[in-house]
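Work through the exercises below with the sequence and the model open. Each task is followed by a solution in steps.

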Protein chains: 4
Amino acid sequence: MTATSPSPPEEPSHDPDTAPVRVAILGASGYTGAELMRLLLRHPGVQITTLTGERQAGRPVAEVFPHLASFGLPDLVKMEQVDWANVDFVFCALPHGTTQDVIAALPKTIKVCDLSADFRLANVETYAKWYGHAHKAPDLQREAVYGLSELNRTGVQNARLVANPGCYPTSAQLPLIPLLLAGQVEAQEIIIDAKSGVSGAGRDAKQANLFGEVAEGIHPYGIASHRHAPEIEQGLSLAAGEPLLVAFTPHLMPMSRGILATTYVRLKGGATAADLRATLAETYAKEPFVKVLPEGIAPQTRHVRGSNLCLMNVFADRLPGRAIIVSAIDNLVKGASGQAIQNMNIMLGFDETAGLEVVPVYP
Amino acid sequence: MTATSPSPPEEPSHDPDTAPVRVAILGASGYTGAELMRLLLRHPGVQITTLTGERQAGRPVAEVFPHLASFGLPDLVKMEQVDWANVDFVFCALPHGTTQDVIAALPKTIKVCDLSADFRLANVETYAKWYGHAHKAPDLQREAVYGLSELNRTGVQNARLVANPGCYPTSAQLPLIPLLLAGQVEAQEIIIDAKSGVSGAGRDAKQANLFGEVAEGIHPYGIASHRHAPEIEQGLSLAAGEPLLVAFTPHLMPMSRGILATTYVRLKGGATAADLRATLAETYAKEPFVKVLPEGIAPQTRHVRGSNLCLMNVFADRLPGRAIIVSAIDNLVKGASGQAIQNMNIMLGFDETAGLEVVPVYP
Amino acid sequence: MTATSPSPPEEPSHDPDTAPVRVAILGASGYTGAELMRLLLRHPGVQITTLTGERQAGRPVAEVFPHLASFGLPDLVKMEQVDWANVDFVFCALPHGTTQDVIAALPKTIKVCDLSADFRLANVETYAKWYGHAHKAPDLQREAVYGLSELNRTGVQNARLVANPGCYPTSAQLPLIPLLLAGQVEAQEIIIDAKSGVSGAGRDAKQANLFGEVAEGIHPYGIASHRHAPEIEQGLSLAAGEPLLVAFTPHLMPMSRGILATTYVRLKGGATAADLRATLAETYAKEPFVKVLPEGIAPQTRHVRGSNLCLMNVFADRLPGRAIIVSAIDNLVKGASGQAIQNMNIMLGFDETAGLEVVPVYP
Amino acid sequence: MTATSPSPPEEPSHDPDTAPVRVAILGASGYTGAELMRLLLRHPGVQITTLTGERQAGRPVAEVFPHLASFGLPDLVKMEQVDWANVDFVFCALPHGTTQDVIAALPKTIKVCDLSADFRLANVETYAKWYGHAHKAPDLQREAVYGLSELNRTGVQNARLVANPGCYPTSAQLPLIPLLLAGQVEAQEIIIDAKSGVSGAGRDAKQANLFGEVAEGIHPYGIASHRHAPEIEQGLSLAAGEPLLVAFTPHLMPMSRGILATTYVRLKGGATAADLRATLAETYAKEPFVKVLPEGIAPQTRHVRGSNLCLMNVFADRLPGRAIIVSAIDNLVKGASGQAIQNMNIMLGFDETAGLEVVPVYP
């Protein structure tokens, strides 16, 4: 990832009068697949022509996602049934681990945004350690560009394969990378306490995600062992210019969408919480999706629901020399499908906000 | 209300190249106000120029509705501060009972869609009986057109003042009016069991609507005494050609948005459940927002969340000679602000779906 | 079922100074199993000595139900490992259809309360029709007593095998049976609109019961085809003295516990809603668990959460000659495990409220 | 607070054959009042004889808390109507700030457990700073004993006035005090990230606590400025033997009950996470309400719902030399009314678990 490339592209290179980009969504039967459909249906420059789902092949979208019944989407098919000659761009929303072979087998002329974790870790040894098997497409891994849109625009612009960031890593890195680049926070002592809605766990039937198991409660999981930790560390290490580890504790809570990250940092080089806020405000001043809230106002996940927004703010801590950073995203939008579309827009020269001008839904 | 006017207008008369329609939202600090803003922000032909809120006057939208902070909306003002010369269209989202004086005082050149209950009951005596005081603007009441969009297009098209239907009445009347017109259901025995999310109760601080009081439970309220009963009866009586009463039992349940109406009817004239389904399918065949689901599929409020859709279906009952009708809307959209915008679109000659092409948000 | 046996037993025959009754819960890894444990742990006369769970065998309760970790319960075992000589009473909480063989194989000296649907339908042909296979233990079926505790005490008292009523049937029959016996409602036109929390669907991993699929929405299911319909009809037919069908529409809504039944009836023989209320008030005057609320107060499921209570009330309808009955229970307590313990108490001569003196948990 | 007094009293001094203790609950119309009633109704040694509620005076409990309707509780009265000669023990559940005058005016023969914040801060200057006015009863403040039951039994035993700890402070101090006493964590760098259900905000009608405002979201509040911070600091400073500050960030989330505290600490003196776990396990080995979970198992608020339990555990952090402590309570029970009853039990010589043998309600 190049350090920063903060300016949104001024002149989209895609000609809106040309034929729409033909999009395939691989693994369309999960929540991120549905969310890609919801947003792409209102994208002025694309047409969803292919939806795959191995187990759901042959079924209409109306059965798999009744809320999308009335929008004229194609039926789901098996991957082997796809005629790739009719596909210009692929969103890959397959389960982690299954993606490497699939993308390796695609025609090289097709640009890809992969929403799985398969290409996020640049170091294939780190991948092997955290995912329990050797990476199956190390060449592709070298080619893949990490798609934290606002902070890696140039990289994404030139990429054929973008690894879309994880939901937690997006919420954590957007505020932390600029602060590490500015040298305002200690690199070796970052504590990220994150709270997520249940959709982040996917749509597969698991007892742990039943309504009765999730409602009216909260608990941490994957303490010190969640796979998003090395992804966060990768981005922060690069920004800090030194290898670092983070404390990262995700919590599951009774809401469908949203991630809130409360991050505890030690200030560095005499910086104050106000300085941190100023750095973020400056970094994101022209960004359509990343907003630093007025002083003293805490981000709420409710206020980004359904949108591609990331809200953030910085607060002085009672502990001297420390600050508290709060960031909020919709895990399915900025934390997955929204950012994926943002990356597609950058890759294809669309206006970066195309299809993403969704106002949050509240209440 | 004229009986039916089912065809959507083919040629919008509004010229999209002209200046945008300048819209005022009176009473913008409630949930329907926020929802008007959310949807109108993406309407291609209007601009929100005025927001009023007596108690919130002087505050920016960012404070009243933080989820709308980043969309450049004007600050809230008092009604007395509004320069009506700069307003082309008014959405009135004031509390019930306070609206009559306000609308009576508006310049007659301004078209109005009123989301309150003040002008819904054509009979001012019925109004007086249910609302406990004489109607303050009986002349306006005579002028007002009931805005059940799909079933009263011609009326709405020619109206200066539209009374936007209540949420429950919308969910109940959309399936029942065509069936009564078709003479397929008994008029005198209609039983409507409705379930609503909490946003229908508004945003005012009331103990009964606290999270702790609403979560993990359900209860009926206003049994045989809810003010939406006479509104439903008014529309159904007209369709049936005879005065009728309905059993109407609303329930409050722990969700923010959505109304599900489960309606129990006695079949008439040899009609079957399949006949009823066919009638509705035909009535709404070309409608963009009203969808009759495939046989056997039950509507769910989740599948319309955030959208202007109404889903419906008909099922044979175990009791011989009876059928069960199920309809689902988002109470804040098709049940309030969405239908209000649909009515504005009809009144002003916009494409009827303008600003309403919102895909449901799920999960 | 005998028509009524309304008086609670005055003199418990169980000697509290004797050794505790040794209880086995078969199928202890589901929600009704957990609820049996929660309540029996505070029962003064029993000891839980055996818990079975075929898939969970070998695991401690702490792993299967962490909320029960600190109460000294035995580990789960396979059914084949149970030494029946050490078991005095069995609660059978196995899945529907699997119970018949299991109970048939138990020593005849053990009394049984079965929480499944296997022995609820007295007519084995009705069973075969609704469950898709011939009943495997028709002799046992003839022996089984339907355990709607308040209305069948004598039967339960003398039973060796009690079929514990379903959750919906409990909520519907408790108000309707006395009214049919009193001849105050028309038998052939009963409409039951029921709303249930998700725990009624069990703890197995099913996509439809994921948090994301259930939250923020409501929908009906099994319209005119739910297996609880024949169970309700069986009880009501007996009370009415004539065969009858009911309209029964269950709805799934986002709460973990609770059933609300809103029942629409036609009045008979000049009865008024007040008469119905009086009948119910008289029927249940001395009952510890069934409460008729003051006039005009609607039952809420929140107000019975965690308790064995059934709240009910009757309201005049707007439709002349009709009334609306509302009843609320906790589906896991009065609708399952609580009533099962109540039946055990009756069968064994305990005080009927033993272990059930649980105050509702609110909020 | 004396440092520790870990052994539960072996021989209760209260004679269960004597007349029940007559209990008054002042301010009974809030959630903590209701919870006191729920639990005390099953306490073998007390009788609730007096309930006060200034605004609700004259109303029966059935109207204020319908879930408690059927338990024979007295009507609410005004404070001035109470005959203190008939009261042996007072629970004071009045709003913060109003309690000092009330308790000062009570007969000195009555023992009191105060659930407000009024007597929690031993230093009246700290009180004045955080609550904005001088303490009105500094003498009483000196007399008051901080009722963190497990860690201050001797103090509570001899107290006439117990200041019941706040909900957040209970969840944070129970794990941290033993660790500071053992010198195993750095005192000056404690970071507490806490998540609370909505009932902690009380039952007063506030827009911020409406269902629509709380559901489907999470946000922090009172960052670095919450009044529970000085209460936590008071207890931890005493245990550490040095003044300290804490980072304390509470979050509001969509559940009715429960607090989860995730606490980040730096290890001291070579201690490991396992050492911390061992310290807590030893400290609470014999406690009926405080449980250290098996290694690797994270506490969940769901697993304590409705009970007086506190679950806790310690995890190694990815950051070297650090550990993560997780603790869970029901804010209305161990965080308020349950601990208050526990304190009453200690003060009056009851068995400490009397009235508190409530098994958690799950799901």
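Copies are superposed by least squares on the C-alpha atoms of residues with pLDDT of at least 70 in both. The model is predicted, so local features need pLDDT of at least 70 and side-chain atom pairs count only at pLDDT 80 or more, while totals for chains, interfaces and linings use all residues. Residues are numbered from 1 along each chain as its sequence is written, chains are lettered from A and ligands numbered from 1 in the order in which they are written, and side-chain values use heavy atoms, with hydrogens and water left out.

**Exercise 1. Relate chain B to chain C.**

Task: Find the rotation that lays chain B on chain C, and state which residue of chain B comes closest to the axis.

Step 1. A turn of 180° with a shift of 0.0 Å along the axis lays chain B on chain C, at an RMSD of 0.0 Å.

Step 2. The C-alpha atom of Pro254(B) is 3.3 Å from the rotation axis, and no residue of chain B comes closer.

Step 3. Compare the contact residues, where contact means heavy atoms within 4.5 Å. Of the interface residues of chain B, 100% are also interface residues in chain C, so the copies meet through the same surface.

**Exercise 2. Describe the interface of chain B and chain C.**

Task: Give the contact residues, the buried area and the polar pairs between chain B and chain C.

Step 1. Contacts involve 53 residues of chain B and 53 residues of chain C.

Step 2. Buried area is the accessible area (1.4 Å probe) that two parts lose on being put together, summed over both. For chain B and chain C this is about 4,300 Å², with 57% from carbon and sulfur atoms. On the chain B side, Glu216(B), Arg302(B) and Arg318(B) lose the most area to chain C, together 20% of what that side buries.

Step 3. Count salt bridges (a side-chain nitrogen of Lys or Arg within 4 Å of a carboxyl oxygen of Asp or Glu). Chain B and chain C have seven between them. In the salt bridge of Arg266(B) with Glu189(C), the closest N and O atoms are 3.3 Å apart.

Step 4. A polar contact is a pair of N or O atoms within 3.5 Å; within protein, one must be able to donate a hydrogen and the other to accept it, and residues adjacent in sequence count only if both atoms are side-chain atoms. The count between chain B and chain C is 32 residue pairs, both residues at pLDDT 80 or more.

Step 5. Sort by class: Ala, Val, Leu, Ile, Met, Phe, Trp, Tyr, Cys and Pro are nonpolar, Asp, Glu, Lys and Arg charged, and the others, Gly among them, polar. The side of chain B that touches chain C has 30 nonpolar, 10 polar and 13 charged residues.

**Exercise 3. Describe the interface of chain D and chain B.**

Task: Which residues and which helix of chain D give the most to its side of the interface with chain B?

Step 1. In this interface, 18 residues of chain D contact 18 residues of chain B. Arg203(D), Leu210(D) and Phe211(D) supply 43% of the area that chain D buries against chain B, more than any other three residues.

Step 2. The two chains bury about 1,500 Å² between them, 57% of it on carbon and sulfur atoms.

Step 3. There are two salt bridges between chain D and chain B. Glu213(B) and Arg203(D) meet in a salt bridge at 2.9 Å, N to O.

Step 4. Helices (H or I, at least four residues) and strands (E, at least two) are DSSP runs, numbered from the N terminus. Helix α8 (residues 211-214) of chain D gives the most to the side that touches chain B, with four residues. By class, that side of chain D has nine nonpolar, five polar and four charged residues.

Step 5. A rotation of 180° with 0.0 Å of shift along its axis superposes chain D on chain B, with RMSD 0.0 Å. That is the relation of a two-fold axis.

**Exercise 4. Trace the sheet of chain C.**

Task: Which strands of the sheet in chain C stand at its edges?

Step 1. Two strands pair if DSSP finds at least two bridges between them. Seven strands of chain C form an open sheet with parallel pairing, in the order β3-β2-β1-β4-β5-β7-β6.

Step 2. β3 (76-77) and β6 (145-146) of chain C are the edge strands; each has a single partner strand, so one side of each is left without a neighbour in the sheet.

Step 3. Strands β1 (residues 21-26) and β2 (residues 46-52) of chain C pair in the parallel sense over six bridges. Val23(C) stands opposite Ile48(C) in β2(C).
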